[in-house]
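Okay, thanks for letting me have the slot. Let me put the structure up on the screen and then walk you through a few spots in it.

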Amino acid sequence: MENSPNLLYKNINRKRGIVFAVSIFISIAAFLADICIGSSGMSITDIIETLLAGPNGETVNTLIVWSIRLPMTLTCVFVGSSLALSGLQVQTITNNPLASPYTLGISAGASFGAAISITFGFTIAGVQWIGTAILAFLFAIAVSMTIFFIGKYRGLNTNTLILTGIIMNFFFTALQQYLQYSASAEVAQIIQNWSFGNLSRASWASVWVSAGILIIGFIILTKFTWKLTAITAGEERAKSLGINVERLRIYTFVICAFLIAGAVGFIGTVAFVGLVAPHCARLLVGEDQRFLIPVTTVLGSLIMLVAASTAKLMSNGSMLPVGIITSIVGVPFLFVLLMREGKGK
Amino acid sequence: MNKKINKIAISFLFCIVVISFVACSGKSASSTSQNSNELNNEAHKSQNDSSFPYTFTDIAGRNITVENKPETFIVGNYILNFMLIGGSESLDKVVGMPLDGWEETRFGEYTAMSASFPEILEKTSIGGYHDDILDTELILKTKPDVLLINLSQYTENETSIPIFEKAGINVVVLDYHKMKIENHTKSTEILGKLLGREEVANEMINEYKTAIETVQSIISDSNQQPREVYMELGSKGIGEYGNSYSGTLWGSIIDNAGGINIANDVLDPNEGYGPLDKEYVISRNPDIIIIGGSIWTNYNSDNDQMRMGLTIKSDMSHDRLNGFMSREGYSKLKAVQNGEVYGVDHGSLRFMGDYVYTQAIAKMLYPSLFENIDPQKNMEDFYNKYLPELDSTGTYYIKWEK
């Protein structure tokens, strides 16, 4: 009898382990499927041969697989993971299930940064897309920091954090609309398209940057797992366990800011992944951050991969923005979750 | 400690707000309108012109009768077409035009026209360049004999049009945007009549029709196979693919010039536009690549967009085109290996000189059939013939030099 709580705990953990393994397995399948989908209609054997032959081949197939599909699919994985992970931790530290990069206005800030770069032709070494990515990145960081410092001014009250985020969202959306309104039709279209989030902007640069930030962020966050789990049980409780809640929030928020900026800076804003993936993960493995962090990360990339493959299948030659699909795929997800939660209560 | 953080926080927020406002306000420059010398319309009307009253159907299908030869115009769009047909003196008849966003939207046209005709910037600005919304009150106050607008301005201002008509302003809808020969010629015919320059208009119409018909008959008489074209607007720089067109703008020109437009299989064949997928373009491995240029954002920016058109020197166009050809993997494409890569001016569409691009693209597709055609020279000749006062220095057509 004495062993039963332990046994129960072990069983729960085993179950969580299985969930994690299964989600990894499905994500790998989705990853492979995504590489196999594309408008040129290459056969699977060709794709495998090209992959095995390495990136230095001279053929058009090499170019398609190594310069177009792989960077797109890998960017998809890292962007999805980064958004999901940051969404999870923003929800954790604000103790609000509606917090996400999108609802906090960080994405809107990035879009505005991109719009400035597009409007004024801000370039790095004469290259437009690098200038745009960097301004978007900087604005995402700046907005996150603003939200954070205003929140801090009010003692990191969770309501203040969320409200500041919503205000930021409106503020930067309005500024971007102003730029769009004053721009010529062609430029307005470029600005608008940027905010859709399109994987056609993916490159090896976006892969390395988003992967680098994700790996560093992930490692640091896994060191905080117990503290973050404790915070979900309430701030007072966490403090009574000797956790410096304020410092934990600061560190986590800074990591999230970089994760979000790295994700949206290159490919544009992508909605819903940061909101939905953590909720799905919570339903599957509960609040224990040891499992919640990895499962959320994997689910984020899974949702992005499914959306990207869907976008590719739907567009066939032109390029449908993945950001539109994530929202369409995300809505039923969130709806089902809300219904289930309602029933549970 | 807390106070220090608060200070940092407040100054940080302040910085962001300031940066944002500065960024935005820099954009809203040149749209202030200046009241022009108001003409007493009635006094200037000539009653004796034989071709009036002039009854016609405009591009929106509206039946219009203009009783007397108009002396004053508000030119809601197509000021360049208006002056090409009316000659430089026709600018005196213009009492209003949109100046808002003109500089930002069509920098080349703005710079060339305001340099050659400085008084153009003193016209009353009636809005509607970038958002199609006209300043109804100002138009009523200015009260021109004729208000010329385009199709999208017509759609956006439908509720104001009965008010203009009630006030005795003839509203005439023109269209050069759709790039349809019938709309081009009909609009030119109407402008010719209204400006009393029917001969010029007819000459222009003949030139336009003959040029296109000649191209098409030469191609149909030859038995050469059509080839594949990828056309992209270089507005997004080299990092991202810009729009391609199907059935509209460059899409319809490629169709007219007897080419196979690879965008036709992907985009809506009627007026479709949008960027093509990188993978699609590379796997189609087109015979010819055309990059459309203009001046979209910040003339002084050393960015990587394609630059073409009025005021642009050809060195710059060649530099920018080189950038596009350095895209990853392009060196493996047929068009690049064979040097069949061209730059064209997007800003030179939607006016009566754009037949030059039907000739230009035919020349790209069938070089041996159109050896004698020089699109750059043809465009310069067109400007010199119809509006010699305009400094039309610019780059309208280039072939990539490896």
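I'll go through the contact between the chains, then the cavities, then one serine, and finish with some salt bridges. Keep in mind that this is a predicted model.

So, the interface. On the chain B side there are 50 residues in contact, and they meet 55 residues of chain A. People often describe how big an interface is by the accessible area lost when the parts come together. Here, chain A and chain B bury about 4500 Å² between them, and 64% of that is on carbon and sulfur atoms. How many salt bridges are there between chain B and chain A? The count is 2. R69(A) and E279(B) meet through their side chains in a salt bridge, at 2.4 Å from N to O.

Next, the empty space. If you roll a probe the size of a water molecule over the atoms, you see where empty space is left. Searching the whole structure turns up 5 cavities of 30 Å³ or more. The largest cavity comes out at about 180 Å³. It has 15 lining residues, and the ones closest to the centre are W129(A), T132(A), W194(A), R201(A) and E240(B). Which element gives the most to that lining? That's α5(A), with 4 residues. In chain A, α5 (128-153), α7 (185-194) and α11 (245-267) each put in at least two residues. By class, the lining of this largest cavity has 6 nonpolar, 6 polar and 3 charged residues.

The second largest cavity has a volume of about 80 Å³. Its lining is made of 13 residues, with G38(A), S39(A), K312(A), M319(A) and D277(B) nearest the centre. Two elements of chain A, α3 and α13 (289-315), give two or more residues to this lining, and the largest share, 3 residues, is from α3(A). The class split for the second largest cavity is 3 nonpolar, 6 polar and 4 charged.

Staying with helix α3 of chain A, which covers residues 60-94, let's look at S82(A). Is S82(A) buried or exposed? It counts as buried, because its relative accessibility is 2%, and the cut-off for buried is under 20%. Leaving out residues up to four places away in sequence, S82(A) touches S210(A), L214(A), L259(A) and A263(A).

Last topic, charges. Side chains of opposite charge can pair when their charged atoms come close. Over all chains, the count is 22 salt bridges. Let me pick out a few.

In chain B, the side chains of E228(B) and R284(B) form a salt bridge at 2.8 Å, N to O. This pair links distant parts of the chain: E228(B) is in strand β8 (residues 228-233), R284(B) is in helix α12 (residues 278-284), and they are 56 residues apart. R284(B) is partly exposed, at 22% relative accessibility.

D287(B) and K334(B) also meet in a salt bridge, at 3.3 Å from N to O. They too connect distant parts of the chain, 47 residues apart, with D287(B) in the loop between α12 and β12 and K334(B) in helix α14. D287(B) is buried, with a relative accessible area of 17%, while K334(B) is partly exposed at 35%.

And there's a network in chain A: salt bridges with shared partners join R16(A), D288(A) and R290(A). Within that network, the side chains of R290(A) and D288(A) meet at 2.8 Å, N to O. R290(A) is partly exposed at 30%, whereas D288(A) is buried at 9%.

Methods: Residues are numbered from 1 along each chain as its sequence is written. Chains are lettered from A and ligands numbered from 1 in the order in which they are written. This is a predicted model: local features need pLDDT of at least 70, side-chain atom pairs count only at pLDDT 80 or more; totals for chains, interfaces and linings use all residues. Side-chain values use heavy atoms; hydrogens and water are left out. Buried means under 20% relative accessible area, exposed over 50%, partly exposed in between (1.4 Å probe, protein chains only). Contact means heavy atoms within 4.5 Å. On a 1 Å grid over the protein atoms alone, a cavity is a set of points where a 1.4 Å probe fits but cannot get out, and a pocket is an open set with protein on both sides within 12 Å along at least five of seven lines; lining residues have an atom within 4 Å of a point. Grid points are joined across faces, edges and corners, and a volume is the space filled by probe spheres set on the points. Ala, Val, Leu, Ile, Met, Phe, Trp, Tyr, Cys and Pro count as nonpolar, Asp, Glu, Lys and Arg as charged, and the others, Gly among them, as polar. Buried area is the accessible area (1.4 Å probe) that two parts lose on being put together, summed over both. A salt bridge is a side-chain nitrogen of Lys or Arg within 4 Å of a carboxyl oxygen of Asp or Glu.
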